[in-house]
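I opened the model to look up some aromatic rings and one serine, and I keep my notes below in the order in which I looked.

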Amino acid sequence: MSEFRKCARTAEAAMRSVFPATPLQLNAHLSARFGADIWLKREDLTPVRSYKLRGAFNAMRKCRATDPDQRIFVCASAGNHAQGVAFMCKHFDVQGVIFMPVTTPQQKIFKTQVFGGENVEIRLVGDYFDDTLAAAQSYCAEAGAAFLSPFDDENVIEGQASVAVEIEAQLGRAPDHIILPVGGGGLSSGIYSYFGATTDYTLVEPEGGMSLAAALDATHPVTLAHVDSFVDGAAVARIGDKTFARLATMDPAHVLAAPEDRICATMLEMLNVEGIVLEPAGALAVDVLTDVADQIRGKTVVCVTSGGNFDFERLPEVKERAQRYSGVKKYFILRMPQRPGALRDFLETLGPEDDIARFEYLKKSARNFGSVLIGIETSKPENFEALFERIAAAGMTFTDITNDETLGQFVL
């Protein structure tokens, strides 16, 4: 047995005094849909609703073993890592100083404080994470505190590998295929290092933040010029140096992209069909099943649902993006003649399953035509083809702006 596997098993055993193993559940709905035994490793069911407390526990445990006098631990995070660190600060009865961006939603600040109680102090610094991280590292140097990295630390990687230890024990063996979300790489590198070549892998990143794919292409970590922050638990501009060192042998063909809007559809499906609440990053492994359906048929597959810290204030946005992805909702700008009865003429083009979700019109003086922003919901995507034909037959012109990201930022 490798030294890493031994350390991961030791970490997993030590965790049992803090929280129970998360369940590995056979999902009948997904299994029937993809013709495979699909198991969900429910990391969304840890005490902090993500796997992040594993790495925080192991890093803190090993730090205190070598330096029992270390009483101050620091992290910079706007999400799950902060909550994991806060939980472990309370467990070990040490002081945590958690730096978060000023723009962090109040719900995340509140949950972090609840998990840490009197053992944590939250400092809001900077509008952007880079400023927050710099402040945290500066404080560490001044206070002689220990910095807890969210992923790029060997002890954190070792702690996240405890997920693999549990899967092996619960399944009785390594799965045929395991699907893992990737952000900074702590979870994926830990599980990859633990299972090695005993299983097949699919690693999935959000389409707007493929830092691992970029690193594999360049053969070293690179910083992405732009990252879509929607999948906030996995939208990382640069894969960790230590995590990439463990993932560098991964076949690039096994690293897939999940479109953000499709992730929203997966989140809604898991909520409506299974009653499982997943955050965007937590849905990545399930979302990519569609892309590997031919590879996994007849096999035993484990999807790691990495987190369930979803703020339901985001639900309208998730539903909106899911509808746009599935093609049942579109936005367009209609050029309408400014004359009595024009609106009635447009309404008569709507089909029995078409519903107006948005309508904004401002009459322009001294003009023959005006522009109308319209949002239409319908029951199936093919309804739009017929609707657009009827609009054209009525002599009206329109521009579909559903997928125009630039324009959408201002009007949608």
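By about how many helical turns are phenylalanine 384 and phenylalanine 388 separated in helix α17? I am working from a predicted model, and in it these two phenylalanines are four residues apart in helix α17 (residues 383–393), so about one helical turn separates them.

I then looked up their rings, whose centres are 5.8 Å apart and whose planes meet at 40 degrees, so I entered the pair of phenylalanine 384 and phenylalanine 388 as tilted. Both phenylalanine 384 and phenylalanine 388 are buried.

Next I turned to the aromatic pairs of the structure, of which there are ten. One of them joins phenylalanine 332 and phenylalanine 398, with ring centres 5.6 Å apart and planes at 65 degrees, so I noted this pair as edge-to-face. Because phenylalanine 332 is in strand β11 (residues 329–337) and phenylalanine 398 in strand β14 (residues 397–400), the pair ties together parts that lie 66 residues apart in sequence. I found phenylalanine 332 buried at 0% relative accessibility, whereas phenylalanine 398 is partly exposed at 28%. Ring pairs link Phe332, Phe384, Phe388 and Phe398 into a cluster.

I also checked for charges over rings: the charged end of arginine 16 sits over the ring of phenylalanine 19, 5.3 Å from its centre, and arginine 314 lies over the face of phenylalanine 230, 4.9 Å from the ring centre.

Last, I looked up serine 31, which is in helix α2 (residues 28–34) and counts as buried at 12% relative accessibility. Beyond its neighbours within four places in sequence, serine 31 is in contact with Leu26, Ala36, Asp37 and Ile38.

How values were computed
Residues numbered from 1 in each chain as written. Predicted model: local features only at pLDDT ≥ 70, side-chain atom pairs only at ≥ 80, totals over all residues. Heavy atoms only, no water. Buried < 20%, exposed > 50% of the residue type's maximum accessible area, 1.4 Å probe, protein only. Contact = heavy atoms within 4.5 Å. Phe/Tyr/Trp six-rings, centres within 6.5 Å; stacked < 30°, edge-to-face > 60°. Lys NZ or Arg CZ within 6 Å of the ring centre and 35° of its normal.
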